[in-house]
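Subject: Handing over the structure

Dear colleague,

I am passing the structure on to you below, and after it I have written out what was found, step by step, so that you can follow along with the display open.

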Amino acid sequence: MDYQADAIDRVIKNAISVMEDSKYQMFEILEASRQELTSLNHELQRALKETTETLEKVDQLELNYRRSRIRLTEVSRDFVRYKEEDIKQAYEKATQLQLDLMIYREKEMYLKARRDELQKRVRNVENSVERAESIGSQMGVVLEYLSGELGQVSRIIESAKNRQVIGLKIILAQEEERKRISREIHDGPAQLLANLVLRTEIVERMLAKQEFKMVQDEIVDLKGQVRSSLEEMRKVIFNLRPMALDDLGLIPTLRKYVHDYEEKSKIRTIFETRGKEHRLSSAMEAAIYRLVQEALSNAAKHAYPTYVLVEITYQAQLVKIVVQDNGLGFNVELLEAKSKDHFGLIGMRERVELLEGRMEIDSAENQGTKIVIHIPTNVEKRKE
């Protein structure tokens, strides 16, 4: 048995070493893809702008060419009023406009082709980034799992295979959350801070040229950028662990989250409470908050509703949570059969089961979705 454990240990250490190297290589590929995507997006924006300007120019040239043709016909017919020089000028103008129009139409065709090519490349790179993130997340799961104690691995192998599945799902959920946070920081505060560095360099050059009025305007703008960065950081911190949850409690925190959700998603969202509100344990309030957060996130991502209702009911020994939308809906039985591909619902069910509650889903295609969760609150005997 000891020999087998040593052999397993060696295999795991070798696998960890290979996975670590592969993980850093994947990270470098991901960063390179992100940089390429940023560059392509900038190039695409320039191409779109130039295409729009060229289309406007073509429209104007077509209008001018039609007018010149009318003018040429007019002077050609009336030999009494117009001289030969007038006819010549009208003909030359019409010919020049026709030539310009042909040139700009060629340019229009080229720019449209260039725009379409860039859009295709952007989609391909976006898919590459998404695949690289997925592979990196899966590698993180495997590394986290393999890095555990050998004795724990042996016990899992010997006993409950279902714990492997649950453990992997939990780790995957953690990795997904870390990926989301890293993406929020990369797309939000990191971009703003990079912009601040660039703007401060501009201010330095202005100071060197003694353009103090422009420096003053730039500093005012910089102050706004710093405030935006601070607001983005506060949003990230709030998503990690809303401080209001400990200070004010579940209902005020959920009320603020629903308000922010409505503003961000542009989905009309109603939040209602029933029964006598009372404070629950910190862990339970956090779990309920995450359940509502996950349900609303799923609705925005997959259901595309125009209306969402969130209802919290306090009863004697349980809390009832209802999240209902008027979105696309889905076939519950079909989704349950493919539940392994839907980590949002899996995560919610596992949270509810850990709290010894139950979750019911009522949905049908094009008829919206209603999620009802019952959480018992008489859990003082259990550890948080």
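Which residue just after α9 takes a positive phi? Before the answer, please keep in mind that this is a predicted model. The residue is Y304, whose phi is about 50°. The helix that comes before Y304, α9, covers residues 282-303, and its 22 residues reach 31 Å from the first C-alpha to the last, which is close to the 32 Å expected at 1.5 Å a residue.

Helix α9 also takes part in the aromatic pairs, of which the count comes to 2. In one of them, Y257 and Y289 meet edge-to-face, with 5.7 Å from centre to centre and 65° between the planes. Because Y257 belongs to helix α8 (residues 250-265) and Y289 to helix α9, this pair ties together parts of the chain that are 32 residues apart in sequence. Y257 and Y289 are both buried, and ring pairs join them with Y261 into a cluster.

Y261 appears again when one looks at T269, a residue of strand β1 (residues 268-274). Leaving aside neighbours within four places in sequence, T269 is in contact with Y261, and also with V258, E262 and V308. T269 is buried, its relative accessible area being 6%, and a polar atom of its side chain lies 2.8 Å from the backbone oxygen of I267.

The next topic is the nonpolar cores. In general, nonpolar side chains in soluble globular proteins tend to be buried together. Here the largest nonpolar core has 37 residues, and those that touch the most other members are L296, I312, I321, I373 and I375. Several elements give two or more residues to this core, including α8, α9, β2 (307-314), β3 (318-325) and β5 (369-376), and the largest share, 10 residues, comes from α9. If you select I375 and set aside its neighbours within four places in sequence, you will find it in contact with M284, L291, Q317, L318, V319, I321, V352 and L355. Apart from this core lies another, of 13 residues, with L37, L40, V122 and A132 among them.

Finally, there is a charge placed over a ring: the charged end of K57 sits over the ring of Y104, at 5.8 Å from the ring centre.

With best wishes

Note on methods
Residues are numbered from 1 along each chain as its sequence is written. This is a predicted model: local features need pLDDT of at least 70, side-chain atom pairs count only at pLDDT 80 or more; totals for chains, interfaces and linings use all residues. Side-chain values use heavy atoms; hydrogens and water are left out. Helices (H or I, at least four residues) and strands (E, at least two) are DSSP runs, numbered from the N terminus. Buried means under 20% relative accessible area, exposed over 50%, partly exposed in between (1.4 Å probe, protein chains only). A polar contact is a pair of N or O atoms within 3.5 Å; within protein, one must be able to donate a hydrogen and the other to accept it, and residues adjacent in sequence count only if both atoms are side-chain atoms. Contact means heavy atoms within 4.5 Å. The expected span of a helix is 1.5 Å times one less than its number of residues. Rings of Phe, Tyr and Trp (its six-membered ring) pair if their centres lie within 6.5 Å; planes under 30 degrees apart count as stacked, over 60 as edge-to-face and the rest as tilted. A charge sits over a ring if NZ of Lys or CZ of Arg is within 6 Å of the ring centre and within 35 degrees of the ring normal. A nonpolar core is a set of buried Ala, Val, Leu, Ile, Met, Phe, Trp, Tyr and Cys residues joined through side-chain atoms within 4.5 Å.
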